Amino acid sequence: MKKKKLAGMVLSFSLAAGVLSGCGAATTGGSGGGDTIKIGGNLELSGGVASYGQSVNKGVKLAFEEINKKKINGKKLKLVAVDNKSEAAEATNGSIKLVSQDKVAAVIGAATSTNTLAQVQIADTNKVPLITPTGTNPDITSKGGKVNDYVFRTCFIDPFQGTVAANYAIDTLKVKTAAIYIDSASDYSKGLAAAFKKAFTEKGGTIVGEEAYQAKDTDFRATLTRLKAKKPEFIFLPGYYEEVGLILKQARQAGIEVPFMGGDGWDSPKLTEIAGADPLKNTFITNHYSAGDKDEKVQKFVSAYHKKYNEDPDAFAALGYDTAYFLADAIKRSKDASPEKIKKALEETKDLSLVSGKLTLDKEHNPIKSAVILKYVDGKQTYETKVNP
């Protein structure tokens, strides 16, 4: 139901976007000939997954401060932020506002796949680049063999993340059976689960059970009981931190002690607050970077972020920061900061050194980059290994 509703909203708003594009919505280049270049931020600053959007926003703001000290071709970047409230309809409305009223040169966001998908057609119709720092669903940048010309991302995609998790489960944890527990209303969760299932079975593993929940659920005991009865050696749980925290807590209470693993959707300091440290024992995630990485560029970022916000940056903050620099590099090479030239420069990005690794875009506007695997110890993430594509 939710997917059909989203499709309907995107279709109706895309008609509005088409009208807007006919009114010259994206022809100013977002700079208006002055000394600033306006960049939209369409993020989850409140609502169910606000932790993600807030982290991305902090990373972007830190990067903009650094970038503006030197300027780009004599101009500063100005962030025009809207709060999509963690809802697809609000993400669509926000995108229309940024493109038609604010006349931004590009849009950063959203943090989640569903809220990014709600903006794709608006970006392409109005020819204003949209960059998601953390939306991992493959359909965001390309669907059915057709590339969404004005849509980009800074993160790896679900199939890579799901495959990395499956390989780790079989090769490192040495499990032979697994269960999958997904958020049935989440494009992100379903995408990771499909990739994990394919890779796990191709490597000789057996999926012994599959269950589903929905966002905002709070009682998972019935489905966990069914999963426990299947006796899996491992449970793949590709969800968002709010539900994941409760699921892990209730799973351990039910006597399920097997390893759990998820993706970057777990990455929030609130996960430990919700679940508690003990339920996080023997759990793992795939992620985009680790604050524990000794790389000089990583540690410089961690230090600057901690100095500004008095907290350690999660992967969403790192990717927000990287997205700002990815966009700034393209704007610098575009010369006039027009959306069309920014788009071309984004496509031509190669070996750009960022906190989350070197970024080179493939033909579908997806980065070719590494992933890291993290383990929770005493409620905190610890670095396990890095996996190359």
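Is Lys197 buried, partly exposed or exposed, going by its relative accessibility? Lys197 counts as partly exposed, at 35% relative accessibility. Before going further, please keep in mind that this is a predicted model. With that said, let's take a friendly walk through its salt bridges and its cavity.

**Salt bridges**

The structure has 15 salt bridges by the rule used here. Side chains of opposite charge can pair when their charged atoms come close. Three of the pairs are worth a visit, and Lys197 belongs to one of them.

The partner of Lys197 is Glu210, and the N to O distance in this salt bridge is 2.8 Å. Lys197 sits in helix α7 (residues 187-202) and Glu210 in strand β9 (residues 206-213), so the pair links distant parts of the chain, 13 residues apart. Glu210 is partly exposed as well, with a relative accessible area of 47%.

A second salt bridge joins the side chains of Lys308 and Glu65, at 2.7 Å from N to O. Here, too, distant parts of the chain are linked: Lys308 lies in helix α11 (residues 296-309), Glu65 lies in helix α2 (residues 50-70), and 243 residues separate them. Lys308 is partly exposed, its relative accessible area being 36%, and Glu65 is also partly exposed, at 41%.

The third pair is Asp278 with Lys281, whose closest N and O atoms are 3.5 Å apart. Asp278 counts as exposed because its relative accessible area of 54% is over the 50% cut-off. Lys281, at 48%, falls in the partly exposed class.

Here are the three distances together:

| Salt bridge | N to O distance |
|---|---|
| Lys308 and Glu65 | 2.7 Å |
| Lys197 and Glu210 | 2.8 Å |
| Asp278 and Lys281 | 3.5 Å |

**The cavity**

How many cavities of 30 Å³ or more does a search of the whole structure find? The search finds 1. The largest cavity holds about 50 Å³ of space.

Which residues line the largest cavity? The lining draws on several stretches of the numbering: Tyr52, then Ala111, Thr112 and Ser113, then Thr134, Gly135 and Thr136. Further along come Tyr188, Tyr240, Asp264, Gly265 and Phe316. Sorted by class, this lining has 5 nonpolar, 6 polar and 1 charged residues. The charged one is Asp264, because Asp counts as charged in this scheme.

If you have the structure open, Tyr52 and Asp264 are two of the lining residues to look for, and Lys197 with Glu210 is one of the salt bridges to find.

Notes:
Residues numbered from 1 in each chain as written. Predicted model: local features only at pLDDT ≥ 70, side-chain atom pairs only at ≥ 80, totals over all residues. Heavy atoms only, no water. 1 Å grid on protein atoms, 1.4 Å probe; cavity = no way out; pocket = protein on both sides within 12 Å on 5 of 7 lines; lining within 4 Å. Points joined across faces, edges and corners; volume = space filled by probe spheres on them. Salt bridge = Lys/Arg side-chain N within 4 Å of Asp/Glu carboxyl O. Helix = DSSP H or I, 4+ residues; strand = E, 2+ residues; numbered from the N terminus. Buried < 20%, exposed > 50% of the residue type's maximum accessible area, 1.4 Å probe, protein only.
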